[in-house]
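Student: I am new to this one. Please take me through one part up close, and then show me what lies around it.

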Amino acid sequence: VMKYVILKFCILLVLVVSCEPLDQIPETAVSTDGFFNEPSEFEISLNALYQQRLWIQDIKTWNDDSHHRGGGFINNAISRATLNPTSSELNNTWVLGYEAIKTANALLAEVEERRSNFAEGSLDRIEGEARAIRAYFYGRLLAKFGHVPLITTVLTVEESFEVVRAPLDEVKAFMYSEFDRAAELLSDSNENRATRGFALGMKARYALYMEDFAIARDAAKEVIDSGTYGLDPDFSTMFTKAGADSPEPIYFIPYSFELGITWNQNGGARGHITRNAGGFGAIMPTWEAMGIFECTDGQTIDQSPLYDPHDPFENRDPRMTETIVALETEWLGYIYQSHPDSLEVLQTTTGNRVRNNDTRANAIFASFTGFVWKKGIEQSWADNRQADPNVMLLRYGDVLLMYAEALIELNENLGEARDVLNELRNRAYGNSGVYPEITETDQAGLRTRLRRERRVELMFEAGLRFQDLMRWRVAGRALAKTLVGLPAPQDQDREQWPFNDQILPVVDEDGIVDVKPDELVANGFARLLESYEFDENRMYLWPIPAEDILLNSGLTQNPGY
């Protein structure tokens, strides 16, 4: 039995949001006198907090791992460094965050008011989930906007126009206390809901983001010590529908073909799958993503003698071929090959050779970098031309990384931190015990290994890379870049395919890969795809939406906006 349930929501009208983000009263008030008389009625209202539309994540193409060739995904305020108080990119995070908080506030008020009408403890789980989810959304708001309004009750319309931003420490303390209270009320079940593991795992995440490393350490350790979760022995399957029963996921957003709930983030199924399989090949790994995977000797490609730029998947960390489709391997019913001379390829389902639309020699809009994503993508996406992934938000492997990072930043128990990282690396190599162990013993060396490990282990998952770059304050080096891809087919040097052996990437101490784009273009080894910018002086915090500041003069704006 799969451990998640797709919820079709019947949302109580009293909890429906109005048009203003911080307005706490719906336009049409509905009496609750005839409702909330049974625990099941509280459940209906709780389900409103699990709507997929609320759980938006950072767009994966905002980071240095993934690129979308479509103009709408390139010309955004994040990539162009034009972020301002009217930018659409920030509006959903702010509006939907406070919508979820509003819904949780209303539900928790009903729980408190009617608790005496029910058997002791019968509403504990509902209260715990609502508190955990409310804290989660405060974490997202803190990470993006800094100190934000702290709203914990249902406000009148008049009160909503007097809301101000609370001190950062006050909002953080509330968030941590809510996660703690939720953890007390919830069980260690691995059901795909806001469980105790969710509360503690998300507490660890946002404590890391806030640089409260001791809090992050303790919360992550509680998840580890619970024994509820474990590393999936198969790295690849946990991201598929079949992987829903894996011991590793703590919380994911489920979608379903059967229920008509499909996913269209950043291009949907056809943007992710190959052109041979009926897709667009529009969303692709960058050459920077290709460069971060270590060789099997544990060294980066700029240091290892095992790296062959003409056979870039050979002798590499096994997670590379589980994340990015290797050339000349079967994928979605075809052999994948983007070489300009591969005008035909084998269709594995029929045994016939067919026109190869995954090379730009035949299809000019085939992957501009020559590579396509594999992680979490399934044959059903090609069959249906729709996507119903389990969008992973939190898993045990991430908790291990959070625990290791907290220890490293606290400069304590560094041997334990190293062991945790090696546990993940052992899993990547099939739990064989034969893998390139991390041997560093100092804080700086382990920090470098941790940052590379996070990028490789969590690549293409729920926008985590973007927030890592932001919280480490390295986004300027990673995101202000020239993005390059394959030369035009007629210009491709066949002896230097897919990468050249003269100008090699450099991997720095933060896991940022410099492919030397200007040199590549100047020497004919690449062509310019896009140029991106990042404003170090202001973009580490997003601006408060202009609409809310216009409605409420008490709201202050972040610096630089």
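Student: Let us start with the largest cavity. Which strand gives the largest share of its lining, and how many residues does that strand supply?

Tutor: The strand is β8, residues 390-395, and 3 of its residues help line the largest cavity. Keep in mind that this is a predicted model. The full lining of this cavity counts 14 residues. Five of them lie nearest the cavity's centre: Lys60, Lys375, Gly376, Asn390 and Phe460. The volume is about 190 Å³. The structure holds 9 cavities of 30 Å³ or more, and this one is the largest.

Now turn to the largest pocket. Its volume is about 570 Å³. It is lined by 26 residues, and those closest to its centre are Ile56, Gln57, Ile59, Asn92 and Gln265. Two helices, α2 (71-74) and α3 (88-114), each give at least two residues to this lining. The largest share is 4 residues, and it comes from α3.

Pick out Gln57 from that central group. Gln57 sits in the loop between α1 and β1. Its relative accessibility is 12%, and the cut-off for buried is under 20%, so Gln57 counts as buried. What does its side chain reach? One polar atom of the Gln57 side chain lies 3.1 Å from the backbone oxygen of Trp55. The side chains of Gln57 and Tyr136 also meet, in a polar contact of 3.2 Å. Look past the residues up to four places away in sequence, and Gln57 touches Tyr136, Arg140, Gln265, Leu393 and Ala462. One of these, Gln265, is itself among the residues closest to the centre of the largest pocket.

Trp55 and Tyr136 lead on to the rings. Both belong to one aromatic cluster, along with Tyr50, Phe137, Phe198, Tyr206, Tyr209 and Tyr251. Across the whole structure, a search finds 28 aromatic pairs. Take Trp55 with Tyr251: their ring centres are 5.0 Å apart and their planes stand at 45°, so this pair is tilted. Trp55 is in the loop between α1 (39-47) and β1 (66-68), while Tyr251 is in strand β2 (residues 249-254), so the pair ties together parts 196 residues apart in sequence. Trp55 and Tyr251 are both buried.

Compare that with Phe371 and Phe499. This aromatic pair is stacked, with 5.7 Å from centre to centre and 25° between the planes. Phe371 comes from the loop between β7 (352-355) and α12 (379-384), and Phe499 from the loop between β9 (482-485) and β10 (506-507), so the pair links parts 128 residues apart in sequence. Phe371 has a relative accessible area of 1% and is buried. Phe499 is buried too, at 11%.

Rings can also meet charges. The charged end of Lys144 sits over the ring of Trp542, 5.3 Å from the ring's centre. Arg527 lies over the face of Phe368, and here the distance to the ring centre is 4.7 Å.

Go back to the loop between β7 and α12, where Phe371 lies. Glu378 is found in that loop. A polar atom of the Glu378 side chain lies 2.8 Å from the backbone nitrogen of Lys241. With neighbours within four places in sequence left aside, Glu378 is in contact with Thr240, Lys241 and Leu332. Its C-alpha atom is 9.4 Å from that of Asp388, which is 10 residues away along the chain.

One last stop is Arg538. Arg538 belongs to the loop between β12 (527-531) and α19 (546-551). Its relative accessibility is 15%, so Arg538 counts as buried. Its side chain makes a polar contact of 3.0 Å with the side chain of Asp535. Beyond four places in sequence, Arg538 is in contact with Ala81, Thr82, Leu83, Pro559, Gly560 and Tyr561.

To retrace the route, begin with β8 at the largest cavity. Then find Gln57 in the lining of the largest pocket. From Gln57, follow the polar contact to Tyr136, and from Tyr136 move into the aromatic cluster.

Conventions: Residues are numbered from 1 along each chain as its sequence is written. This is a predicted model: local features need pLDDT of at least 70, side-chain atom pairs count only at pLDDT 80 or more; totals for chains, interfaces and linings use all residues. Side-chain values use heavy atoms; hydrogens and water are left out. Rings of Phe, Tyr and Trp (its six-membered ring) pair if their centres lie within 6.5 Å; planes under 30 degrees apart count as stacked, over 60 as edge-to-face and the rest as tilted. Buried means under 20% relative accessible area, exposed over 50%, partly exposed in between (1.4 Å probe, protein chains only). A charge sits over a ring if NZ of Lys or CZ of Arg is within 6 Å of the ring centre and within 35 degrees of the ring normal. Contact means heavy atoms within 4.5 Å. A polar contact is a pair of N or O atoms within 3.5 Å; within protein, one must be able to donate a hydrogen and the other to accept it, and residues adjacent in sequence count only if both atoms are side-chain atoms. On a 1 Å grid over the protein atoms alone, a cavity is a set of points where a 1.4 Å probe fits but cannot get out, and a pocket is an open set with protein on both sides within 12 Å along at least five of seven lines; lining residues have an atom within 4 Å of a point. Grid points are joined across faces, edges and corners, and a volume is the space filled by probe spheres set on the points.
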